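Here are my notes for you, written as numbered points. Keep the model open while you read, and look up each residue as it comes along.

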Amino acid sequence: MHITPPCGKPVTYIQLYADVMTRPYNIKYLSQETVAKAYPVIRAAYPNVTLDDWLAYTAWINQPADARRSSTGIVSLENMRGYVHGIFSYNTDYMLGTGPVLNVENIVALDTGDRAAAVTQLISAMEDVAINHGCATIHTQIPEFWTSASAGRTGLHAHLVDAGHDREMIRFSKHLQKN
């Protein structure tokens, strides 16, 4: 739809609407003293998040960096002779509405005769690490192509689902150029 404003230059309805809605904005960091005013915005996007959840999350985020430093590590699965057959790396975080979270990446189990047992033991170890770090949730990131049918790849996905893990989010990534 085109509209011709008094200036005589035709614009589309969307352009006109955007021009009317343009306002200056300021980007600010919220301090712990000002976070409550952002709660209505959070509540609109996440209706299950309570004000207490929001305040606990922001209290953790607004701590000095040393106080909230995440725990990190790499866990290996070794056979009796010390050979590594699987690994995962992790870090801890605090997520809005979830609380303490164990983020797991780089989970790999080699097929050395009983891959299913290796995967099961790695998943069990993830749960132990989460409990030891006081985490209420485990977020496991695997490459998207591992969820499609291909030999050996679907086993990890299936084992995670069988162990009670659900697909909850989609992560978008943008790789920035290094200067």
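1. Let's start with one residue: is L110 buried, partly exposed or exposed? Its relative accessibility is 42%. Buried means under 20% and exposed means over 50%, so L110 counts as partly exposed. You'll find L110 in the loop between β5 and α5. Bear in mind throughout that this is a predicted model.

2. L110 has company at the surface. Together with I74, V84, I87 and V108, L110 makes a nonpolar surface patch of about 420 Å². For the chain as a whole, about 13400 Å² is exposed, and carbon and sulfur atoms supply 56% of that area.

3. Now step back to the whole chain. There are six helices and six strands. Going from the N terminus, the elements run β-β-α-α-α-α-β-β-β-α-β-α. The chain has 179 residues, and 23% of them count as buried. If you take the contacts with a separation of 6 or more, 44% of them are between residues 24 or more positions apart.

4. The sheet is worth tracing with your finger. Four strands make it up, in the order β3-β4-β5-β6, and it is an open sheet with mixed pairing. Why do β3 and β6 each have a side without a neighbour in the sheet? These two strands, residues 72-78 and 137-140, stand at the edges with a single partner strand each, so one side of each is left free of a sheet neighbour. From one strand to the next, the twist averages 30 degrees.

5. Next, go through the pairs. β3 and β4 run antiparallel and are joined by seven bridges; within this pair, V75 of the first strand stands opposite F88 in β4. The two strands form a hairpin with five residues between them. In that turn, G82 has a positive phi of about 95 degrees.

6. β4 and β5 also run antiparallel, and nine bridges join them. One bridge to look up is that of Y94, whose partner in β5 is P100. Here too the strands form a hairpin, with three residues between them, and G97 in the turn has a positive phi of about 80 degrees.

7. The pairing of β5 with β6 is parallel and has four bridges. To see how the two strands line up, find V101 opposite T137 and then N103 opposite H139.

8. What packs on the sheet? Helix α5, residues 115-132, does, and it touches β3, β4, β5 and β6. The direction of the helix makes about 155 degrees with that of β5.

9. L102 is a good residue for seeing how these parts meet. L102 sits in strand β5, and it counts as buried because its relative accessibility is 0%. Setting aside neighbours within four places in sequence, L102 has contacts that include Y90, N91 and T92, then M126, V129 and A130, and also T137, I138 and H139. Pick out A130 from that list: L102 and A130 are 28 residues apart in sequence, yet their C-alpha atoms are 5.6 Å apart in space.

10. H139, one of the contacts of L102, lies in strand β6. Is H139 buried or exposed? With 18% relative accessibility, H139 counts as buried, since the cut-off for buried is under 20%. Beyond the neighbours within four places in sequence, H139 is in contact with M95, V101, L102, N103, V104 and E168.

11. One last thing to check is N106, which has its place in strand β5. Its phi is near 55 degrees, a positive value in a residue other than glycine. How does N106 count in terms of accessibility? At 49%, N106 counts as partly exposed, because exposed means over 50%.

Methods: Residues numbered from 1 in each chain as written. Predicted model: local features only at pLDDT ≥ 70, side-chain atom pairs only at ≥ 80, totals over all residues. Heavy atoms only, no water. Pairing = 2+ DSSP bridges. Axes fitted to C-alpha atoms, helices over the stretch in contact; angles between N-to-C directions. Contact = heavy atoms within 4.5 Å. Patch = residues over 30% accessible without salt bridge, like charges linked within 9 Å, V, L, I, M, F, W, Y side chains within 5 Å. Areas by Shrake-Rupley, 256 points an atom, 1.4 Å probe, with all protein chains shown as cover. Salt bridge = Lys/Arg side-chain N within 4 Å of Asp/Glu carboxyl O. Buried < 20%, exposed > 50% of the residue type's maximum accessible area, 1.4 Å probe, protein only.
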